[in-house]
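Q: Please take a close look at how one chain of this model is divided into parts and at how those parts meet. Then set that division beside the contact with the other chain and the details of the backbone.

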Amino acid sequence: MKHPRIGIPRGLLFYSYADLWMSFFRDLGCEVIASPETNAEILKEGLRHTVSDLCLPVKTFLGHVAVLKEDVDLLFIPRHVSMEQESYMCPKMIGLPDVTRACFAHLPQVLDPLFHVKQFGDKAADEFTRPIAKALSLSPVRTAESFRKLMSESFGGTAERYRQACSVLSEDTAVPPASKKICIGIIGRPYLLFDRYLSKNLFSFVRKLGANPVSLRPAETEIREAMTIIPKWVYWDMGKEVVASAHVFFKDDRIDGVINVCSAACGPDSFTGDLIRKRLNQRNKPYMTLSIDEHASDAGIQTRVEAFIDMIAKVTA
Amino acid sequence: MKAFLGIDVGSVTTKVVLIDQFGTVLWNSYRKTQGQPIRALQSACAALRQDMGDVEIGGVGTTGSGRKLADHVVGADTVKNEITAHALSAIHLVPNVRTIVEIGGQDSKLILIRNRVVTDFSMNTVCAAGTGSFLEHQATRLGISIGELGSYALAASSPARIAGRCTVFAESDMIHKQQMGHNLEDIVAGLCDALVRNYLNNLARGKEISEPVIFQGGVAANPGIKASFERETGKEFIVPPHYPIMGAVGVALLARDTRCTRFRGWSVAEQQLSTSSFYCGDCPNSCGVIEINDCDRVIARWGDSCGKWGAQRE
């Protein structure tokens, strides 16, 4: 294929690596399109094509595949296994290309390169780009170089640095300087937090209630520090970042309370949620878990968030 | 003297209270919403007017899952979530309250309070297994009224063990227990235990229930549930006199701070209000938009996630 059209479903790791993936394919001379932001139609398509045991973000991802598949030559669904030594993606994410193939009868070619630092170490980027080069009839060496170059623009360029290449999409969520408003630290996996449809517009809702929503990507040092407080290294990729963000927010005096947004059927989140509550919240800051699934109503989420902010504002005092 | 109106439009019942500036309940009404919240609210207002005359209203508060609807119908000064509303009324009544257990028709809450401030809370998720509608459904199935459940439960000698995690399973388990020969009293008591276990597992997990505990919401009417809670936790559960209307009292208390009320006046009881809905087709979200009409005039619209229909209200 000379100039194939590559489709990337706007779900799951898209929210972490979109910038990198899009620039990578564009540099290779491809046309890349992403599915639109999640909406009711996409979620409906996802639910139609899926089995009930999957979590909401995976169901939503399949909805994005459904709306994208007719318009592209190749579907890019990478198989991320480990982003660094002693760290794993959740099994549903590891099996994502297989899950996708199982749920659809007709799909364009699925490009599912493997990213596996645990197995390939520093060669992970080369292994990752090899099948891409093959599918696009490009030189494997040049394709790998192009990928490394993009990574090294902001990071060291080693395979493990790929994990840190993620950018937080769409929301302006830094701690505002010297604000008198209540600041709510919002933690959770990027693909839930920054998918405005799934997270029921949480950031703008918090803002509407007169508080500042704040989110962050923890630095490597902050992750290491958080891991020393809990009994065991969190080996779930992303789960580790969620735990570390909680730690940073609990420490930060400017943050009045923390909301953990998780998906109802998420295994790793049920572990990390408990760790955060029991081990990290040593100063007893207001902390709440918002569990989201396809049945969650906007009203239910809004009632909880309103009550949480009332609690911080000490409305009943 | 001005009085303050508190309205709690819940999923199953609609509560309206009138309080004075000290928080004393002057009048109250508790009626089934029966899927028609506007009608329930209007008939409560008509009854209030009949009993109390044209009371001068100093402020109006609304709460419950239908709080926005109630606001559009009567014109509210404060629209508050149920958790804050329940906490306010319990603290007003028992200033040193530390735990509030509230079980209503479709949802249940646990609120922890220290020094008059809410410190933590939890609410059931979509499943209504541990709530009033679950109890009512099972009572109907057993052929007894919801009001009789408590006395049956208290008369039990050996409560049957019933799975309460899910209404569907609870029902098949109850049928199984009936066919095994357990008597009605033991089954009803088992049902109360199942509801309490469900509540404690889902809402109270990892949270400390410390005294004084206030038990409010419609389900507090059932002494069998109160007894189950006390047996299971070893704590005393206080049921306040106005247990089913505490949410409405809470927002009425809050409405006392109103300077100039938005209350539409007692004519709200007679307005010809109707609702209609449509799906907006302008984007793939196809939100269901709801309108309230006063004769031919649209007085409120909501339900759209972008807010453009809501903004058009006259």
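**Domains of chain B and their surroundings**

A: In this predicted model, the C-alpha centres of domain 1 and domain 2 of chain B are 27 Å apart. These two belong to a division of chain B into three, with domain 1 covering residues 3-86 + 248-269, domain 2 covering 95-239 and domain 3 covering 273-311. Where the first two domains meet, seven residues of domain 1 of chain B are in contact with twelve residues of domain 2 of chain B. On the domain 1 side of that boundary, helix 3 of chain B provides the largest share, three residues. In composition, the domain 1 side that touches domain 2 of chain B has two nonpolar residues, four polar and one charged.

The contact between the chains can be set beside this boundary. Here 21 residues of chain B are in contact with 19 residues of chain A. The elements that give two or more residues to the chain B side are helix 3 (82-93) and strand 8 (117-123) of chain B. Helix 3 of chain B gives the largest share of that side, six residues, and the side as a whole divides into eleven nonpolar, eight polar and two charged residues. Helix 3 of chain B thus takes part in both settings, giving three residues to the domain 1 side of the domain boundary and six to the chain B side of the contact with chain A.

Next comes the sheet of chain B. Five strands of chain B form an open sheet with mixed pairing, and their order is 3-2-1-4-5. Because strand 3 (25-32) and strand 5 (78-79) of chain B stand at the edges and each has a single partner strand, one side of each has no neighbour in the sheet. Within the sheet, strand 1 (residues 3-9) and strand 2 (residues 13-19) of chain B run antiparallel and are joined by six bridges; one register point can be given, since I7(B) has V16(B) in strand 2 of chain B as its bridge partner.

Two prolines of chain B sit in loops. P240(B) lies in the loop between strand 10 (237-238) and helix 9 (246-255) of chain B. P240(B) counts as partly exposed because 18 other C-beta atoms lie within 10 Å, where 20 or more would make a residue buried and 12 or fewer would make it exposed. Leaving aside residues up to four places away in sequence, P240(B) touches L93(B), I214(B), Q216(B) and M246(B). The C-alpha atoms of P240(B) and G217(B) are 9.8 Å apart in space, while the two residues are 23 apart in sequence. The other proline, P212(B), lies in the loop between helix 7 (184-202) and strand 9 (213-216) of chain B, and a cis peptide bond with an omega of about -5 degrees joins E211(B) to P212(B). Most peptide bonds are trans, and most residues other than glycine have a negative phi.

Chain A supplies two cases of positive phi. N201(A), which is not a glycine, has a phi of about 55 degrees and lies in the loop between helix 9 (190-193) and helix 10 (202-208) of chain A. With 17 other C-beta atoms within 10 Å, N201(A) is partly exposed. K314(A), also not a glycine, has a positive phi of about 50 degrees and is found in the segment after helix 14 (298-312) of chain A. K314(A) counts as exposed because it has 12 C-beta neighbours inside 10 Å.

The overall form of chain A completes the picture. Chain A contains 14 helices and ten strands, and its C-alpha atoms fill a box of roughly 70 × 40 × 35 Å along the principal axes. A compact globule of 317 residues would have a radius of gyration near 20 Å, and the 20 Å of chain A agrees with this. Of these 317 residues, 46% count as buried, and among the contacts in chain A with a separation of 6 or more, 70% are between residues 24 or more positions apart. Helix 3 of chain A is mostly covered, with twelve of its 13 residues buried; among them are L56(A), F61(A), H64(A) and L68(A), as well as K59(A). This helix, residues 56-68 of chain A, should span 18 Å at 1.5 Å a residue, and its end C-alpha atoms, 19 Å apart, agree with that expectation.

Notes. Residues numbered from 1 in each chain as written. Chains lettered and ligands numbered in written order. Predicted model: local features only at pLDDT ≥ 70, side-chain atom pairs only at ≥ 80, totals over all residues. Helix = DSSP H or I, 4+ residues; strand = E, 2+ residues; numbered from the N terminus. Nonpolar A, V, L, I, M, F, W, Y, C, P; charged D, E, K, R; others polar. Rg over C-alpha atoms; globule rule 2.2 N^0.38 Å. Expected span 1.5 Å × (residues − 1). Domains from an automatic or database assignment. Pairing = 2+ DSSP bridges.
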